[in-house]
Amino acid sequence: MTELKQTPLHALHLKLGAKMVPFAGYDMPVQYPLGVKKEHEHTRQQCGLFDVSHMGQICVSGDNVAEALETLIPADLVGLEKGAQRYGLFTSTEGGIIDDLMVVNAGDHFYLVVNAACKDQDLAHLRLNLAATHTIEPLDRGLLALQGPQAKDVMQRLCPEACELVFMQHGRFTIAGQEVWVSRSGYTGEDGFEISVAADACEAFAQQLLAEPEVEAIGLGARDSLRLEAGLCLYGHDMDMQTTPVEAGLIWAIGKPRRHGGDRAGGFPGADVILHQVDAKDHTRKRVGLLAEGRAPVREGAPLVDEAGNDVGVVTSGSFGPSVGKPVAMGYVSRELEAPQTNVFAVVRGKQLPMVVTPMPFVKPGYFRG
């Protein structure tokens with residue numbers, strides 16, 4: 001058995017009494033003594049601190065780096081202003097999703113944040129396609145997510161300049177003598193900041209944040225229920241190599257200049273498949289939100305059937321939504337059933353549990369847009 005990797009905060013998690021579990025090759029905290037439900041509610045009401053140091057952080061530099069990255073990612077990166085961040089996808093030649101990521105124009109380089117389970121393959125993908133002309137540098141840095149409506153109050157005391165950022169903006173600042181890279185973003189549906197800090201300074205910085213009265217340490221359990229209520233995909237569950245961006249409801253991640261009729265149409269892997277689906281709308285399934293009528297959670301892998309018992313799809317993420325007050329899920333259904341208020345049934349232990357196709361997000365986002 002391969003030994004689990006550890007983030008720079010591993011010792012701190014143990015000190016805080018975290019329950020640790022294997023996740024993407026790392027030993028990670030799933031919850032703390034507060035418990036998943038209270039951690040979720042605390043993040044929605046005040047402010048939670050998440051260790052996301054297992055994510056991959058990569059710098060790509062060289063001439064015309066935006067154009068180079070557009071050969072792999074269908075987002076509009078040439079039009080991305082310095083200090084701006086954009087959601088992107090690595091696509092395959094078949095039109096599937098290799099990974100989803102955040103892309104920052106940092107001026108003299110582009111800064112990427114990729115999923116932990118995919119970072120080795122993403123690095124290989126970048127090197128295979130771009131290393132002849134560009135420098136690809138994996139970074140050994142910690143990454144923290146400070147999330148919740150009071151995250152701005154905490155940041156105002158530590159680094160007021162960072163509070164001038166709006167959603168999906170990025171800046172470089174100094175806090176307590178350490179250079180930190182701050183993005184006004186996150187994966188909870190709340191306002192907040194993702195903060196990259198030198199690995200050897202990460203624990204001290206995390207303790208400084210946890211000393212603030214609004215902040216509690218939050219584990220992977222609450223991170224999952226928070227992102228699910230926010231309608232956000234988890235790679236390897238709600239999208240994968242067999243899923244196209246159009247099926248996943250991520251057409252918005254394909255920049256308008258990259259679509260047919262745009263000034264840089266196509267030019268990314270799988271463009272023929274993906275742009276055909278954008279135009280023809282002939283894909284057969286679609287990711288949708290699902291709200292349960294009962295109280296029993298519906299988990300990933302549960303089959304979805306129609307009123308006649310015919311298979312129509314599958315649940316890809318499911319949990320009880322503490323902020324919604326009932327079970328929430330997302331999954332894929334046949335296109336004829338994608339309209340909101342459509343009734344389907346999840347098969348759980350032989351029983352058919354009624355669910356309603358529901359627009360996402362399930363909670364109102366708290367992103368700060370200025």
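Buried here means under 20% relative accessible area, exposed over 50% and partly exposed in between, with a 1.4 Å probe and protein chains only. Helices (H or I, at least four residues) and strands (E, at least two) are DSSP runs numbered from the N terminus.

This is a predicted model, in which local features need pLDDT of at least 70 and side-chain atom pairs count only at pLDDT 80 or more, while totals for chains, interfaces and linings use all residues. Residues are numbered from 1 along each chain as its sequence is written, and side-chain values use heavy atoms, with hydrogens and water left out.

**Stop 1: strand S9**

Select residues 141-147, which form S9. Seven of the seven are buried, so the strand is largely enclosed by the rest of the structure. Now show the side chains: Arg141, Leu143, Ala145 and Gln147 point one way, and Gly142, Leu144 and Leu146 the other. In a regular strand the side chains alternate between the two faces of the sheet.

**Stop 2: the partners of S9**

Two strands pair if DSSP finds at least two bridges between them. Add strand S12 (residues 192-198), which runs antiparallel to S9 and is joined to S9 by seven bridges; look for leucine 146 opposite phenylalanine 193. Then add strand S3 (residues 47-51), paired with S9 in the antiparallel sense over four bridges. Here glycine 48 stands opposite glutamine 147.

**Stop 3: the whole sheet**

Widen the selection to the open sheet of six strands, in the order S10-S11-S12-S9-S3-S13 with mixed pairing. Which strands stand at the edges? They are S10 (170-175) and S13 (215-217), each with a single partner strand, so one side of each has no neighbour in the sheet. The twist averages 30 degrees from one strand to the next; angles run from 0 to 180 degrees between N-to-C directions, and axes are lines fitted to C-alpha atoms, for helices over the stretch in contact.

Next, bring in helix H6 (residues 202-210), which lies across S3, S9, S10, S12 and S13 and runs at about 10 degrees to S9.

**Stop 4: histidine 42**

Go to helix H2 (residues 36-45) and pick histidine 42, buried at 12% relative accessibility. Contact means heavy atoms within 4.5 Å. Leaving aside neighbours within four places in sequence, histidine 42 is in contact with Cys47, Glu214, Val215 and Glu216.

**Stop 5: the cysteines**

How many disulfides are there? With a disulfide defined as a pair of cysteine sulfur atoms within 2.5 Å, the count is zero. The sulfur of cysteine 59 is 17 Å from the closest cysteine sulfur, in cysteine 202, too far for a bond. For cysteine 159, the nearest cysteine sulfur is that of cysteine 163, 7.5 Å away. Cysteine 159 is buried, with a relative accessible area of 1%.
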